[in-house]
Amino acid sequence: MATQLSESKSKAGMVISWEALPDGFILEDDPVENTSQPLLAGALRESLEIIGYIQPQMLIASNFGLCATLDGRFTAKAPDWVYVSATKEIVSNRKSYTPNLEGEIPGVVMEFLSDTTREGYVQGEEYSSKQTYPPGKWFFYEQILQVPIYVIFDPDGGLLEFYKLENQRYKLELPDENGRHWIDSMGLFLGTWQGTKEARTGYWLRWWDVDGNLLPWAVELVELERQRAEQEHQRAEQERQEKERLIAYLEAQGIDPNNLPPSS
């Protein structure tokens with residue numbers, strides 16, 4: 001029997017309970033995923049891993065079931081990216097996550113807009129406030145889970161919609177003068193970046209620290225190290241050439257460069 005933590009009523013009069021994933025329940029594969037979505041999600045996690053940001057109690061996942069039971073009917077939504085700052089138990093291979101029962105509610109959920117022509121796509125699901133079962137994602141995140149930040153990103157056009165929960169409603173937030181959004185729970189800025197990674201050229205979501213420094217990807221660190229090594233090589237080569245010119249000058253003056261008088 002599923003473990004039940006508590007019950008409450010939403011604004012819509014819906015009874016909400018927080019229960020574990022039922023035995024034998026199979027989470028549906030996301031029918032709208034395309035090749036870009038795993039790359040986008042992986043890039044967000046990669047830069048956090050590189051700086052040692054991710055702690056064992058955190059939950060950062062993609063296409064991962066967030067669970068709730070509504071009027072006795074179990075439901076799960078799988079955002080393209082989710083961040084939970086603290087879980088009650090460190091589990092290496094989670095199949096799903098039930099907020100309140102297993103830890104804090106997610107601090108951030110993200111959806112990446114996909115190919116709307118694909119079979120199985122639910123038009124406007126990311127914006128759906130449908131309250132009847134199964135509820136739309138917007139309603140689920142805003143009214144059921146009450147996730148503080150909901151991000152909808154169009155990787156083709158580069159549009160980043162950043163919604164903050166205010167008075168139990170999502171409000172669209174404009175970016176700062178640098179085109180970024182501050183996420184207080186993470187202590188990081190989120191914004192868009194255009195370029196190439198893993199053979200994909202286009203728009204990406206990136207992190208910046210509180211000082212405005214872009215958090216790097218591994219390939220960028222490798223390139224920085226290559227540039228540093230190249231600069232060091234050029235510096236050493238310049239020093240060698242200067243030394244050779246000095247030796248040639250001393251010899252032209254009849255001075256043995258290997259037998260110079262000691263400096264006073």
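Helices and strands here are DSSP runs, numbered from the N terminus. With that in hand, we can find our way around this predicted model, starting with N100, which sits in the loop between β7 (96–97) and β8.

N100 has a phi near 70°, a positive value in a residue other than glycine. Most residues other than glycine have a negative phi, and most peptide bonds are trans. N100 is also partly exposed, at 28% relative accessible area. A second asparagine worth a look is N63, found in the loop that links β3 (59–61) to β4 (65–70). Its phi is near 45°, again positive in a residue that isn't glycine, and N63 is partly exposed too, with a relative accessible area of 29%.

For an unusual peptide bond, go to Y133 and P134: the bond joining them is cis, with omega at about -10°. P134 belongs to the loop between β8 (108–112) and α2 (137–145).

Now for the inside. In soluble globular proteins, nonpolar side chains tend to be buried together. The largest nonpolar core in this model has 27 residues, and those touching the most other members are L48, W81, M110, F112, M186, L190 and W207. Quite a few elements feed into this core: α1 (36–50), β6 (81–84), β8, β9 (149–153), β10 (160–166), β13 (188–197) and β14 (200–208) each supply at least two residues. The top contributor is α1, which gives five. To get a feel for the packing, click on M110. Setting aside residues up to four places away in sequence, M110 touches L44, P79, D80, W81, V151, L190, L205 and W207. Apart from this core lies another one of 25 residues, including L66, L70, V109 and Y170.

Y170 leads us to a charged residue, E142 in helix α2. Is E142 buried or exposed? With a relative accessibility of just 4%, E142 counts as buried, because the cut-off for that is under 20%. So what does its side chain find there? A polar atom of the E142 side chain lies 2.7 Å from the backbone nitrogen of Y170. Leaving out neighbours within four places in sequence, E142 is in contact with L165, Q168, R169 and Y170.

R206, in strand β14, is another charged residue to visit. R206 has a relative accessibility of 1%, so it counts as buried as well. Which polar partners does the side chain of R206 have? One is the side chain of E220, joined to that of R206 by a polar contact of 2.9 Å. Another is the backbone oxygen of L215, which lies 3.0 Å from a polar atom of the R206 side chain. Beyond its neighbours within four places in sequence, R206 is in contact with F189, L190, G191, W193, L214, L215, P216, W217 and E220. L190 is a name you've already met among the residues that touch the most other members of the largest core. R206 also pairs up in space with T192: they are 14 residues apart in sequence, yet 5.8 Å apart from C-alpha to C-alpha.

Last stop, the surface. I50, I51, L221 and L224 make a nonpolar patch there of about 320 Å². L224 comes from helix α3, which covers residues 218–252.

Definitions and conventions. Residues are numbered from 1 along each chain as its sequence is written. This is a predicted model: local features need pLDDT of at least 70, side-chain atom pairs count only at pLDDT 80 or more; totals for chains, interfaces and linings use all residues. Side-chain values use heavy atoms; hydrogens and water are left out. Helices (H or I, at least four residues) and strands (E, at least two) are DSSP runs, numbered from the N terminus. Buried means under 20% relative accessible area, exposed over 50%, partly exposed in between (1.4 Å probe, protein chains only). Patches are made of residues with over 30% relative accessible area and no salt bridge: like charges are joined within 9 Å, nonpolar side chains (Val, Leu, Ile, Met, Phe, Trp, Tyr) within 5 Å. Accessible areas come from the Shrake-Rupley method with a 1.4 Å probe; for residues, only the protein chains shown count as cover. A salt bridge is a side-chain nitrogen of Lys or Arg within 4 Å of a carboxyl oxygen of Asp or Glu. A nonpolar core is a set of buried Ala, Val, Leu, Ile, Met, Phe, Trp, Tyr and Cys residues joined through side-chain atoms within 4.5 Å. Contact means heavy atoms within 4.5 Å. A polar contact is a pair of N or O atoms within 3.5 Å; within protein, one must be able to donate a hydrogen and the other to accept it, and residues adjacent in sequence count only if both atoms are side-chain atoms.
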